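User: I would like a close look at a single part of this model, the packing of its interior, set beside the local features around it. Please give it as one connected account, with the cut-offs stated for each term.

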Amino acid sequence: MPHVPLVSPGPPLTPAQRQRYSRQVALEQVGDVGQRRLAAARVLMIGAGGLGSPVLTALAAAGVGTIGIVDSDSVEVSNLHRQTIYTMADLAQPKAAAAAAALRARNPLIEVVAHQTRLTAANVLALIADYDIVVDGTDNFATRHLAHDAAALLHKPYIWGSVLRFDGLVTTFWVDGPAGGTRLEDLFPTTPGADEAETCAMAGVLGSVCAGVGAMMATETLKLIVGFGEPLFGRLLVLDGLDASWRDVHYGKAAPAASKTAAAAPTAAAAGHREPGATAVPPRDTSHSQVHAHPTPVPPGPDAPAPDEVSSAELAALLADRRAGAADFVLVDIREPWERDIVAIDGSAPVPMAQLLTDEARTVMEPDDRVILYCHHGTRSEYARGVLRDNGWSNVTHLAGGVDDWVHRIEPDKPRY
C-alpha cells in the first residue's frame with residue numbers, strides 16, 4: 001500500500017546526480033522526484049558496526065543527502081570480518097570518522113557528519129532532532145531503548161535491526177505510523193533474557209548475515225523517504241541464514257501491563273532467532289527506563305545505591321586498596337571461559353553470565369557482598385548488574401568499557417580481542 005513520502009523534494013537534480021543515480025531514477029517508484037527526496041533527506045545511523053556498514057554504504061550509494069554516524073568505538077581487527085566499511089588502514093581509528101571518510105570517498109555528492117560520541121540520555125534528543133529518520137544497528141537493549149524512546153518523543157521513524165550467529169531481525173517503529181503506530185515495547189514488553197542479550201562478541205555472527213539484514217534496513221529507509229512499497233509497520237522480518245528463509249511475523253500494540261508477558265510470547269516464539277538453551281538469568285523489565293521518563297541524572301541522596309559503573313582507573317585504585325586491606329569487594333568476570341583464557345583482570349573470579357543466579361555463583365558472591373562485574377566491553381556486565389539488583393544484590397556495579405578498556409588504559413601489555 002503506498003504511503004506518504006517522509007521528505008519533501010529538494011532542488012532539481014544536477015547533471016552529476018542524474019548520471020550517478022540514473023538506474024535508480026529509472027525506477028517508476030523513485031523517478032526524478034523521488035531522487036530529489038533522497039537528496040534532501042537526513043538519516044542518522046546509530047552504530048557503525050556490522051549492521052551500520054551495509055546500511056551506510058547503501059544509503060550513500062542511493063544518494064541520501066545527509067548521513068549522520070554515531071559511534072564511540074575505534075576500529076579493531078576483530079571487526080573486519082563483518083564491518084566491511086573499514087580496511088586495515090583504519091585500525092585504531094575512530095569508527096565514526098573512518099566510516100564518514102569511506103562514504104565521502106564513495107560518493108562526494110553527499111554530506112556525512114561524524115558524531116564520535118556515546119549515545120546518552122544527555123545527548124540523544126539533540127542528536128536525533130536534526131535528522132528525519134533514525135536507523136539503529138547497536139547491539140544492546142539499553143541503547144536501543146534510549147534511541148527508540150527519543151525518536152518516538154520527536155515523532156521520528158525508527159528502523160531497527162539485530163543479528164546474532166546465523167539469524168537476523170528487522171522492523172520499523174513509528175508512533176505516527178498506521179493504526180496509531182507501534183513502539184519497541186510492543187515487540188519486547190520486557191527486555192529479553194540473558195540468551196537474547198548476548199552480543200556478537202559473546203556468541204559469534206556470520207558476516208554475510210549482517211550484510212543481508214543491513215540491506216533490508218537500508219531498503220526500509222529508502223521506502224520511507226520516497227514513499228513507495230509497504231514498510232515493516234507491525235511486522236517483524238526474521239532471517240534464518242541456516243535454512244535460507246525470511247519469515248514475516250506480525251505484531252501489534254502491547255496488551256495491558258497485567259498480560260504483557262503472555263501477549264509477547266507468540267512473537268518471541270515466532271521470532272526464535274536464538275539457539276535453545278536454559279539460562280539462570282531471568283528477563284528484566286525496563287518499562288521505566290525510557291528517556292522521556294528520566295532525561296537527566298538524579299543527584300544521589302544519602303541512601304543512594306551503589307554507583308552504576310566504575311572506570312578502569314577507579315577499579316585500579318580499588319584493587320590497590322583491597323590488596324592493602326582498605327577495601328572489601330568481589331570482582332566478578334561474567335565472560336565465557338574462552339574469553340578469560342585470552343585475558344583477565346588479576347584478582348577476579350569467574351562466573352559466566354548464564355550462571356549468575358545459581359548456587360555455585362553464591363559461593364563467589366553473596367547478596368550482601370560489594371560486587372563489581374566486568375565483561376568484554378561493558379554491555380553484558382551492565383545488563384547483569386540490573387539482573388542482580390532485581391534479585392537481591394544491593395551493592396553491585398560494573399566496569400565501564402569492560403576488560404577492553406582496562407587493558408587499553410591500565411595494562412596495555414595484555415592482549416585485546
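Analyst: His155 is partly exposed, with a relative accessible area of 46%, where buried means under 20% relative accessible area, exposed means over 50% and partly exposed lies in between, computed with a 1.4 Å probe on protein chains only. The model is a predicted one, in which local features need pLDDT of at least 70 and side-chain atom pairs count only at pLDDT 80 or more, whereas totals for chains, interfaces and linings use all residues. Residues are numbered from 1 along each chain as its sequence is written, and side-chain values use heavy atoms, with hydrogens and water left out.

His155 belongs to the loop between α7 (141-153) and β5 (158-164), helices being DSSP runs of H or I with at least four residues and strands runs of E with at least two, numbered from the N terminus. Although His155 is not a glycine, its phi is positive, at about 60 degrees. Ala244 likewise is not a glycine and has a positive phi of about 60 degrees; Ala244 lies in the loop between β7 (235-240) and β8 (245-250), and with a relative accessible area of 66% it is exposed.

Turning to the interior, the largest nonpolar core has 47 residues, a nonpolar core being a set of buried Ala, Val, Leu, Ile, Met, Phe, Trp, Tyr and Cys residues joined through side-chain atoms within 4.5 Å. Leu56, Val64, Ile67, Ile69 and Ile225 have the most contacts inside this core. At least two of its residues come from each of β1 (42-46), α4 (52-62), β2 (66-70), α5 (95-106), β4 (133-136), β5, α10 (207-226) and β7, and the largest share, nine residues, is supplied by α10. Apart from this core lies another, of 25 residues, which includes Ile46, Val134, Phe141 and Phe173. To return to Ile225, and leaving out residues up to four places away in sequence, this side of the picture can be listed in full: Ile225 touches Pro5, Leu6, Val7, Arg37, Leu38, Ala41, Val43, Val64 and Ile133, contact meaning heavy atoms within 4.5 Å.

Strand β4 deserves its own description. Ile133 and Val135 point one way from β4, Val134 and Asp136 point the other way, and all of them are buried. β4 pairs with β1 in the parallel sense over four bridges, a pairing being counted if DSSP finds at least two bridges between two strands, and Asp136 in β4 is the bridge partner of Ile46. β4 also pairs with β5 in the parallel sense, over three bridges, and here Val134 stands opposite Tyr158 in β5.

Aromatic residues supply a further set of contacts. A pair of aromatic rings is described by the distance of the centres and the angle of the planes. The structure holds six such pairs, where the rings of Phe, Tyr and Trp (its six-membered ring) pair if their centres lie within 6.5 Å, and planes under 30 degrees apart count as stacked, over 60 as edge-to-face and the rest as tilted. Trp338 and Tyr417 make an edge-to-face pair, 6.0 Å centre to centre with 70 degrees between the planes. This pair links distant parts of the chain, 79 residues apart, with Trp338 in helix α13 (residues 337-342) and Tyr417 in the segment after α16 (402-409). Trp338 is partly exposed, at a relative accessible area of 43%, while Tyr417 is buried at 15%.

Phe141, Trp160 and Phe188 are linked by ring pairs into a cluster. Arg144 lies over the face of Phe141, at 4.7 Å from the ring centre, a charge sitting over a ring if NZ of Lys or CZ of Arg is within 6 Å of the ring centre and within 35 degrees of the ring normal. The charged end of Arg42 sits over the ring of Tyr131, at 5.2 Å from its centre.

Finally, helix α13 also holds Arg340, which is partly exposed at 24% relative accessibility. Beyond its neighbours within four places in sequence, Arg340 is in contact with Asp333, Arg335, Ser348, Ala349, Pro350 and Tyr374.
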